[in-house]
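Student: I would like to work through this chain with you, going from its overall layout down to individual side chains. Could we take it one question at a time?

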Amino acid sequence: MRFLPIVLLAATTEAFHVHAPSRVGARSLPLHMEAAVEAPEAPAEVWNGAEAWSAKIAEPAAVFDILAIKNVLPHRYPFLLVDKIIEFIPGKKAVGIKKVTANEEFFNGHFPLRPIMPGVLQVEAMAQVGGMIALQQPVTDGKGDFFFAGVNDVKWRRPVVPGDTLVMEMEMTAFKPRFGLVKMKGVCYVDGQKVVEGDFQFAMVKAKAE
């Protein structure tokens, strides 16, 4: 019987231990290499701060602020749903802003565990932007009332929740003074995404002479 030399056997055993994993689940690396491997550094934390964010979400100056809006629209809290008008072409179109906050009255019941702005109030807010067009010159003298006469092809794309800012655009497409009929197209966005759109009809009712 032949035996392996003791020196060769020892070398073979040592080679096995050098290349064997040091523990279960560890990387299978030679011992002299494991000591050189370092954990990757954590990425540096990025901080923008309030000033940078404020610059990113800055809005245009108001063409009509809330006080000017109240001089045109008869609505008042909790049903005044336009905070300011930021773009306006008399008798043609307007862009209005409504900031949706958690303190809105309707969130108490719609819904307590998942607050969502009712779709009908989104349409109402858009109609009020339309009122800023129709209740001023050159359309009318602002006297009388401005009522819904119909809405068509209204589509809602996504929920509106606290923290959202509605950016609403209304454009007059027809006006028939004899019948007091106004037609408009409207579209509303949140963060550049369309949330609701539709066609609107309004009736202008003149105030009765005393």
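**Strands, helix and charged pairs**

Tutor: Let us begin with a pair of strands: in this predicted model, strand β4 (residues 165-176) and strand β5 (residues 181-190) run antiparallel and are joined by nine bridges.

Student: Which residue of β5 is the bridge partner of M168?

Tutor: The strands to look at are β4, residues 165-176, and β5, residues 181-190, which run antiparallel to one another. Across this pairing, the bridge partner of M168 is C188.

Student: In what order do the elements of the chain run from the N terminus on?

Tutor: The chain holds five helices and six strands. Read from the N terminus on, the order of these elements is α-α-α-α-β-β-α-β-β-β-β.

Student: What is the order of the six strands in the open sheet?

Tutor: The pairing in this open sheet is antiparallel. Its edge strands are β1 and β3 (145-156), each of which pairs on one side only, and neighbouring strands are turned against each other by 20° on average, direction ignored. With β1 at one edge and β3 at the other, the order is β1-β2-β4-β5-β6-β3.

Student: Which residue in the turn between β1 and β2 has a positive phi?

Tutor: Strand β1 (residues 84-89) and strand β2 (residues 93-99) run antiparallel and are joined by five bridges, with F88 standing opposite A94 in β2. The two strands form a hairpin with three residues between them, and the residue in the turn with a positive phi, of about 75°, is G91.

Student: At about what angle does helix α5 run to β3?

Tutor: Helix α5, residues 119-134, lies across β1, β2, β3, β4, β5 and β6 (193-205). Taken against the edge strand β3, the direction of α5 is at about 130°.

Student: How far apart are the end C-alpha atoms of α5, and what span should its 16 residues have?

Tutor: The expectation rests on a rise of 1.5 Å a residue, by which the 16 residues of α5 should span 22 Å. The model agrees with that expectation, because the end C-alpha atoms of the helix are apart by 23 Å.

Student: How many of the 16 residues of α5 are buried?

Tutor: A residue counts as buried when its relative accessible area is under 20%. V129, which has its place in helix α5, meets this cut-off because its relative accessibility is 0%. The helix is mostly covered, and the number of its 16 residues that are buried is 15.

Student: Which residues does V129 touch, leaving aside those up to four places away in sequence?

Tutor: V129 is a residue of helix α5, and this helix lies across the strands β1 to β6. The C-alpha atoms of V129 and G186 are separated by 9.3 Å, although the two residues are 57 residues apart along the chain. The residues that V129 touches are V82, I85, A94, G96, M168 and M170.

Student: Is K84 buried or exposed?

Tutor: K84 has its place in strand β1, and it touches, among others, E59, P60, V95 and G96. Its relative accessible area is 19%, and since the cut-off lies at under 20%, K84 is buried.

Student: Which residues are joined with K84 into one network of salt bridges?

Tutor: A search of the whole structure finds seven salt bridges, one of which joins E197 to K194, with the closest N and O atoms 3.4 Å apart. Elsewhere, salt bridges that share partners form a network that includes K84, whose side chain makes a polar contact of 3.0 Å with the side chain of E59. The residues joined with K84 are E59 and K99.

Student: What is the relative accessibility of K98, which meets E104 in a salt bridge?

Tutor: The side chains of K98 and E104 meet at 3.0 Å, N to O. E104 is buried, because its relative accessible area is 12%. K98 counts as buried too, with a relative accessibility of 5%.

Student: Is R158, in its salt bridge with D164, buried or partly exposed?

Tutor: The side chains of D164 and R158 meet in a salt bridge of 3.0 Å, N to O. D164 is buried, with a relative accessible area of 9%, whereas the value for R158 is 23%, and because buried means under 20%, R158 is partly exposed.

Technical notes:
Residues numbered from 1 in each chain as written. Predicted model: local features only at pLDDT ≥ 70, side-chain atom pairs only at ≥ 80, totals over all residues. Heavy atoms only, no water. Salt bridge = Lys/Arg side-chain N within 4 Å of Asp/Glu carboxyl O. Buried < 20%, exposed > 50% of the residue type's maximum accessible area, 1.4 Å probe, protein only. Pairing = 2+ DSSP bridges. Helix = DSSP H or I, 4+ residues; strand = E, 2+ residues; numbered from the N terminus. Axes fitted to C-alpha atoms, helices over the stretch in contact; angles between N-to-C directions. Contact = heavy atoms within 4.5 Å. Polar contact = N/O pair within 3.5 Å; in protein donor to acceptor, adjacent residues only side chain to side chain. Expected span 1.5 Å × (residues − 1).
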